[in-house]
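Hi everyone, thanks for coming. Could you bring up the structure on your screens, so that we can walk through some of its helices together?

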Amino acid sequence: MNQPAPDLDATFAALADPARRRAVELLSAAPRRSGELASLIGVSPATMSKHLRVLRHGGLVTQTSAEFDTRVRVYSLASAPMADLRRWLADTEQGWVDQLGAFADHLAEAEAHPPKSRGC
């Protein structure tokens, strides 16, 4: 199995914190302002800003300015990193399924043809 791509490593690092995972969950429903996310997650605006910076650097969220006020930043999910994560998880799961299937086949073969015991 291949090593995760550096972008995937950044995705995992960004998702390592529960507050950032919660932000991703909230953003999956709709784009939101930083202050709204901070309030819903229960962290300070400064802390939320740090979390959003990590999510941006991990490529998980994008930032745009509201049309009515360029000082207001609106965050939304970026789909590519999540698609890469889903693909990696599917590949990894298939590897587990293949290994477990091979192990089950080995056990079935061992049951069907047990080793002959040697008498002393």
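I'll go helix by helix and then finish with one proline. Please keep in mind that this is a predicted model.

Let's begin with helix α2, residues 18-29. At 1.5 Å a residue, its twelve residues should span 16 Å, and the end C-alpha atoms are 17 Å apart, which agrees. Which residues of α2 are buried? They are Ala19, Arg20, Ala23, Val24, Leu26 and Leu27. These residues cover an arc of only 165 degrees around the axis, which puts them on the same side of α2. If you turn to the other side of α2, you'll find Pro18, Ser28 and Ala29, which are exposed. Have a look at the start of the helix too: there, a side-chain oxygen of Asp17 comes to within 2.8 Å of the backbone nitrogen of Ala19.

Next comes α3, residues 34-41. Its buried residues are Ser34, Leu37, Ala38 and Ile41. Looking down the axis of α3, you see them fall within an arc of 100 degrees, so they line one face of the helix. And what do the buried residues of α3 pack against? Their partners are α2, β1 (32-33), α4 (45-57) and β3 (69-77). Just after α3 there is Gly42, with a positive phi of about 85 degrees.

Now let's put those two helices together. α2 and α3 pack at an angle of about 120 degrees, and their axes are 10 Å apart. Is this crossing right-handed or left-handed? For α2 and α3 it is right-handed. On the α2 side the contact is made by Ala19, Arg22, Ala23, Leu26 and Leu27, and on the α3 side by Leu37, Leu40 and Ile41. Some of these names should sound familiar: Ala19, Ala23, Leu26 and Leu27 were among the buried residues of α2, and Leu37 and Ile41 were among those of α3.

On to α4. At 1.5 Å a residue, its 13 residues should span 18 Å, and the end C-alpha atoms are 18 Å apart, which agrees. The buried residues here are Met48, His51, Leu52 and Leu55. They cover an arc of only 100 degrees around the axis, which puts them on the same side of α4. On the other side of α4, Lys50 and His57 are exposed.

I'd like to pause at His51, which sits in α4. Its relative accessible area is 10%, so His51 counts as buried, the cut-off being under 20%. Which residues is His51 in contact with, leaving aside its neighbours within four places in sequence? The answer is Asp17, Ala19 and Arg20. We have met Asp17 and Ala19 already, as the pair at the start of α2. After α4 comes Gly59, where phi is positive, near 80 degrees.

That glycine leads us to the proline I promised. Pro81 lies in helix α5, residues 79-112. With a relative accessible area of 11%, Pro81 is buried. Not counting residues up to four places away in sequence, Pro81 touches Thr11, Gly58, Gly59 and Leu60. So where is Leu8 relative to Pro81, in sequence and in space? Pro81 and Leu8 are 73 residues apart in sequence, but their C-alpha atoms are 7.1 Å apart in space.

That's my tour, and I'm happy to go back to any of these helices. Thanks for listening!

Note on methods:
Residues numbered from 1 in each chain as written. Predicted model: local features only at pLDDT ≥ 70, side-chain atom pairs only at ≥ 80, totals over all residues. Heavy atoms only, no water. Helix = DSSP H or I, 4+ residues; strand = E, 2+ residues; numbered from the N terminus. Expected span 1.5 Å × (residues − 1). Buried < 20%, exposed > 50% of the residue type's maximum accessible area, 1.4 Å probe, protein only. Arc of directions from axis to C-beta. Polar contact = N/O pair within 3.5 Å; in protein donor to acceptor, adjacent residues only side chain to side chain. Contact = heavy atoms within 4.5 Å. Axes fitted to C-alpha atoms, helices over the stretch in contact; angles between N-to-C directions. Left-handed = near helix turned anticlockwise from the far one by under 90°.
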